[in-house]
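Reader: I have a chain open on my screen. Could you take me through its fold?

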Amino acid sequence: MATRRGTKPAAAVVSAEDGERLEWEILKQCIASTSMSESLTSALSVHTLVLQAIVYQCLFVARTMHRVKAMASAWETSKDSPDSVLPPLFPPSAMAASPMQVHIGIIGCGTVGSALLNGLLGCGLFHKTCFTVSTRQPHLLELYRDAGVRCCYDNRYAAEQSDLLFLCCLPGHLKAVVAEIEGHLPKHTVVMSVAMGVFAETLSGMLSHPFVITTYLKTYLVSEHFNNDQHPVDEKDKDRDLALLTCPFDDPEFFFRLTLSLVAPWHQRGFSVEKAFTMALKGALNRDFALPMDLAQRIPTLSPRPDPLGCSLNSSMVRRTSPKKLDLSSSVTLATLEAPKSRRQGLTSRWEEVCSAEYVSRYIFRLNPSEWLSMLRARYAEVCLNTP
């Protein structure tokens, strides 16, 4: 009896262990079939490098959310500091499903979406059952489906199932996708878009959802650095160079939105301000710090209403400023790290203040701008290159 390619015969009987091994072999075939590393070794094309940089930024957010959720689960269990029971950021494998797993949705599985899915599967941190992929051509993802990844053409379903939702569609398709998923995002879901030219403020307003992050890239810097004949890039250093060159923390808006998306949802779920900030900053930066004594007074406690963020934080209140290029020269001042100022006063401005790079760097880590950006870039490269 004929069977589909890549699947086992219907009559075959295998053990659970053999089935798991078979599924992992199929996943490795998926990853190898569209591996970015092969094209990178053959030619350092700008297009491929930009694609890798986008995947780096998405992986950083996913890994950070995984760590924060693990800390939250450990804290709820132990009622003490979760450091003693927190799993490492880079475990050898994560092939067993766990309540600590972050459920990830991907809408659009073209060039960027498939590269991102391969990266997430290949990092060994997320179980295959944590993914929901929505694409207009789900039949092209047959190998992934056979391996246990949920593949469909239902953007609304993907949004409803996700803790972290990646929008990997083209900018021209974004409006239609947003129209489908608006109003169907869980309150805590973080949305990350890779669509070039669409600001986080704009997308947040379209979705009526506050926790929105966008990738931050300056492609001309990639072209100038890697296509410089006078100073060729060493092959063994190219990945680290790319991570440092495209570090999204060079834009203070990225740090603000990431911190807000890590702190506010957990505070909304009942964690204190101090615990929410500890989980967010420890998960993102993995550095010791001391929270200011007045931190809790700077943010109002969110009341347990059906829409607890309704009056204190919404997409129309979070304004985006133009991105600023930051360098590590002595001319950098704290003014360049200031958070965007809301046009409305009150509760929202407090969130913007304490989640800003200026506040966190000065009052929590007590670092000057150069030290702060150096720490952010080093941490970002460490996570991207999977080097604990």
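Author: What follows is a short conversation about the sheet and the helices around it.

Author: This is a predicted model, in which local features need pLDDT of at least 70, side-chain atom pairs count only at pLDDT 80 or more, and totals for chains, interfaces and linings use all residues. Residues are numbered from 1 along each chain as its sequence is written, and side-chain values use heavy atoms, with hydrogens and water left out.

Reader: How many helices and strands are there in the chain?

Author: The chain has 16 helices and six strands; these are DSSP runs numbered from the N terminus, with at least four residues for helices (H or I) and at least two for strands (E).

Reader: In what order do the strands form the sheet?

Author: The order is E3-E2-E1-E4-E5-E6, in an open sheet with parallel pairing. Two strands pair if DSSP finds at least two bridges between them.

Reader: Which strands stand at the edges?

Author: Strands E3 (150-152) and E6 (212-214) do; each has a single partner strand, so one side of each lacks a neighbour in the sheet.

Reader: And how do E1 and E2 pair?

Author: E1 (residues 104-107) and E2 (residues 131-134) are parallel, joined over four bridges. Among the residues involved, Ile-104 has Phe-131 in E2 as its bridge partner.

Reader: Which strands does helix H4 touch?

Author: Helix H4 (residues 111-122) packs on the sheet and touches E1, E2 and strand E4 (164-167).

Reader: Changing topic, what share of the residues is buried?

Author: Buried residues, meaning those under 20% relative accessible area (1.4 Å probe, protein chains only), make up 51% of the 388 residues in the chain.

Note on methods. Buried means under 20% relative accessible area, exposed over 50%, partly exposed in between (1.4 Å probe, protein chains only). Contact means heavy atoms within 4.5 Å. Axes are lines fitted to C-alpha atoms, for helices over the stretch in contact, and angles run from 0 to 180 degrees between N-to-C directions.
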